[in-house]
Amino acid sequence: MLTRWAGVAVAAAVLGSGAGNAPAATPIPDGAYTIGPEDILDITVWNNAGLSRTVPVRPDGKISLPLLDDVQAAGVTPKQLKVDLTRRLAKHVASPEVSVIVREIHSRKVAVVGEVRKPGRYDVRSRASVLDAIALAGGFNDFARRSKMVILRVEGSTVTRIPCDYDNRLERAARDLSPPARRHADRALR
């Protein structure tokens with residue numbers, strides 16, 4: 001049984017947007033970055049060093065700030081969080097000027113397990129393809145059955161299983177390249 005599965009490479013994509021428990025008050029524009037758990041944020045209140053902080057987003061999606069205690073941060077954009085913090089701080093501070101800067105992104109991850117050179121969990125800064133995930137893991141080892149790969153897409157509590165043939169994906173990616181890049185990719189595939 002072990003040898004039957006030895007050639008299977010599995011990429012488990014956990015590229016969550018960090019949607020928290022509280023829905024955003026305004027719709028999030030397509031392509032806008034949403035804050036997620038484990039991100040690091042710089043919260044600055046102009047002219048008030050006592051309220052300004054660098055804070056981690058906890059696994060529950062919240063951040064802790066003086067005067068405000070716990071505030072939902074995951075699942076909203078930095079601009080939406082700025083508006084929320086400004087509104088909340090206005091009860092304690094006259095005309096607060098708040099800025100929210102995403103210092104570090106740690107909420108987007110991909111786990112690559114199976115017959116790859118460096119299985120593990122990797123941070124990705126932006127959208128990542130299956131090819132990107134395999135490259136992060138150092139490529140396949142000698143025992144991998146590249147046509148029997150499975151992608152597990154986790155969104156909330158739903159897990160979707162997607163069969164994937166790596167060689168077909170690679171060929172499709174090469175066809176989408178410019179002619180000079182395609183020639184280079186063709187040579188690499190041989």
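## Overall picture

A residue counts as buried when its relative accessible area is under 20%. By that cut-off, buried residues make up 35% of the 190 residues in this protein. Keep in mind that we're looking at a predicted model.

As for the fold, the secondary structure comes to five helices and 10 strands. Take the contacts between residues at least 6 apart in sequence: 47% of them join residues at least 24 apart. On the outside, the protein exposes about 11700 Å², and carbon and sulfur atoms supply 54% of that area.

## The largest nonpolar core

In soluble globular proteins, nonpolar side chains tend to be buried together. Here, the largest nonpolar core has 20 residues. Leu41, Ile43, Ile63, Leu81 and Leu85 are the ones with the most contacts inside that core. Four elements give two or more residues to it: strand S2, strand S4 (62-65), helix H2 (78-89) and strand S6 (98-104).

There's also a second, separate core of 15 residues. Val110, Ala133, Ile134 and Ala144 are included in this one.

## Zooming in on Ile43 and Leu85

Ile43 is part of strand S2. Is its side of the story buried or exposed? Ile43 counts as buried because its relative accessible area is 2%, and the cut-off for buried is under 20%. Leaving aside neighbours within four places in sequence, Ile43 is in contact with a list of residues that includes Leu51, Val55, Ile63, Leu65, Leu81, Leu85, Val98 and Val100. That list also takes in Ser52, Arg53 and Ser99. For one of these partners, Leu65, there's a backbone distance to go with the contact: the C-alpha atoms of Ile43 and Leu65 are separated by 9.0 Å, with the two residues 22 apart along the chain.

Leu85 tells the story from the other end of the Ile43 contact. With neighbours within four places in sequence again left out, Leu85 is in contact with Ile43, Leu65, Leu68, Val71, Val98 and Val100.

## Salt bridges around Lys109

How many salt bridges does the structure hold? There are eight. One of them pairs the side chains of Glu38 and Lys109, at 3.4 Å from N to O. This pair links distant parts of the chain: Glu38 is in the loop between strand S1 (8-14) and strand S2 (40-45), while Lys109 is in strand S7 (residues 109-114), 71 residues apart.

Lys109 also forms a salt bridge with Asp123, where the closest N and O atoms are 2.6 Å apart. That pair, too, links distant parts of the chain, with Asp123 in strand S8 (residues 120-123) and Lys109 in strand S7, 14 residues apart. Through shared partners, the salt bridges join Glu38, Lys109 and Asp123 into one network. Burial varies across the trio: Lys109 counts as buried because its relative accessibility is 9%, whereas Glu38 is partly exposed at 39% and Asp123 is partly exposed at 31%.

## The Arg58 and Asp60 pair

Another of the salt bridges is formed by Asp60 with Arg58, and their closest N and O atoms are 2.9 Å apart. What are the relative accessible areas of Asp60 and Arg58? Asp60 comes in at 36%, so it counts as partly exposed. Arg58 has 25% and is partly exposed as well.

Terms used
Residues are numbered from 1 along each chain as its sequence is written. This is a predicted model: local features need pLDDT of at least 70, side-chain atom pairs count only at pLDDT 80 or more; totals for chains, interfaces and linings use all residues. Side-chain values use heavy atoms; hydrogens and water are left out. A salt bridge is a side-chain nitrogen of Lys or Arg within 4 Å of a carboxyl oxygen of Asp or Glu. Buried means under 20% relative accessible area, exposed over 50%, partly exposed in between (1.4 Å probe, protein chains only). Contact means heavy atoms within 4.5 Å. Accessible areas come from the Shrake-Rupley method with a 1.4 Å probe; for residues, only the protein chains shown count as cover. A nonpolar core is a set of buried Ala, Val, Leu, Ile, Met, Phe, Trp, Tyr and Cys residues joined through side-chain atoms within 4.5 Å.
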